[in-house]
Amino acid sequence: MGKIIIFLGPPGAGKGTQSERLIKEYGFVQLSTGDILREAVRNGTELGKKAKQYMDAGQLVPDEIIIGIIKEKLNELKDKNVIFDGFPRTIPQAEALDEMLSQEGKEVDVVILFDVDDEEVIKRLSGRRIDPNTGKTYHIIYNPPPEGIEVIQRDDDKEEVIRKRLEVYHSQTEPLADYYKKKGKLVVVNANNPPDDVYNQIKEVL
Ligand code: AP5
């Protein structure tokens, strides 16, 4: 693997939006556990069937399932620069990643924490829409889809599920900020700002 970057932050912080830009401009590869799980749900695989109940409830999918997915994917990454988007999300996941990377003599290069207020997250996620054909993300107010494009809403973007996802983020994922800070890997960006500004902050880090 080349550079290894982690995007850490609450749901709706803009991790997927910024990954799209880095992929386009710099050829990064994105590994999003959320995307992998949603694809499994769409295809009705065993993994999808197991994951769906957790995702619809705004809960995390169990660590052993997620770590298994990452183990499989790491082999495909070769020398590419990778963005981990939505992984790791718990301390055991972070420890497992460190262990997997160290076996290859690698380590995480930088962890970018997307700092954004809960109320902003709720505005963003309740307005988020997806083009099911391309996977491209829009927002009904901030970034409306072009005319003629049919968009859909994610099942977990209902307000009560968004609130649950935020609660889970604060209790289970936020402690990772400290974990990576202690290792000297953490950089914080202000993700309350518009997408162009967030992108510039990220480019400065990289
Ligand atoms: P996942 O798919 O990872 O969802 P998430 O982390 O909750 O993140 P989102 O995709 O909701 O948000 P984002 O930060 O990418 O925001 P986006 O760019 O789309 O996970 C889903 C579920 O899968 C989890 O709940 C869990 O069940 C399971 N799961 C996944 N990984 C797991 C793991 N490792 N362990 C256990 N379980 C796991 O932007 C949001 C909206 O805002 C868009 O409409 C966008 O257009 C707009 N927007 C973006 N940036 C800005 C900006 N700067 N200003 C204004 N609007 C903006």
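**Buried contacts, salt bridges and surface patches**

With a relative accessibility of 0%, S19 counts as buried. The model described here is a predicted one. S19 belongs to helix α1, which spans residues 15-26. Beyond residues up to four places away in sequence, S19 touches F7, Q30, I83 and D85. The last of these, D85, lies in strand β3 (residues 82-85) and is likewise buried, since its relative accessible area is 7%, below the 20% limit for burial. When neighbours within four places in sequence are set aside, the contacts of D85 include F7, S19 and Q30, together with K15, G16, L31, S32 and T33. The C-alpha atom of D85 is separated by 14 Å from that of L176, a residue 91 positions apart along the chain.

Across the whole structure, 17 salt bridges are found. One of the pairs is formed by D56 and K52, whose closest N and O atoms are 2.5 Å apart. These two residues are 4 residues apart in helix α3 (residues 46-56) and are therefore separated by about one helical turn. In an α-helix there are 3.6 residues a turn, so residues three or four places apart point the same way. Both partners are partly exposed: D56 has a relative accessible area of 34%, and K52 has one of 32%.

A salt bridge with the same spacing is present in helix α6, where E120 and R124 lie 4 residues apart, about one turn of the helix. Their side chains meet at an N to O distance of 2.9 Å. Here, however, E120 is buried, with a relative accessible area of 16%, and R124 counts as buried at 14%. The buried residues of α6 also include V121, I122, L125 and G127. Among the elements that cover the buried residues of this helix are β5 (128-130), β6 and α7.

R128 and D157 form a further salt bridge, with the closest N and O atoms 2.9 Å apart. This pair links distant parts of the chain, as R128 is in strand β5 and D157 is in the loop between β6 and α7, 29 residues apart. Both residues are buried. Through shared partners, salt bridges join R128, R154, D156, D157 and R165 into one network.

Two patches were identified on the surface. D115, D117, E119 and E174 form a negative patch. Of these residues, D117 is located in the loop between β4 (110-115) and α6 (118-127) and is partly exposed at 47% relative accessibility. I140, I141 and Y142 make a nonpolar patch of about 340 Å². Y142 is found in the loop between β6 (137-139) and α7 (159-173), and its relative accessible area of 46% makes Y142 partly exposed.

How values were computed
Residues are numbered from 1 along each chain as its sequence is written. This is a predicted model: local features need pLDDT of at least 70, side-chain atom pairs count only at pLDDT 80 or more; totals for chains, interfaces and linings use all residues. Side-chain values use heavy atoms; hydrogens and water are left out. Patches are made of residues with over 30% relative accessible area and no salt bridge: like charges are joined within 9 Å, nonpolar side chains (Val, Leu, Ile, Met, Phe, Trp, Tyr) within 5 Å. Accessible areas come from the Shrake-Rupley method with a 1.4 Å probe; for residues, only the protein chains shown count as cover. A salt bridge is a side-chain nitrogen of Lys or Arg within 4 Å of a carboxyl oxygen of Asp or Glu. Lys and Arg count as positive and Asp and Glu as negative; His and the chain ends are not counted. The place of a charge is taken as NZ of Lys, CZ of Arg, CG of Asp or CD of Glu. Buried means under 20% relative accessible area, exposed over 50%, partly exposed in between (1.4 Å probe, protein chains only). Contact means heavy atoms within 4.5 Å.
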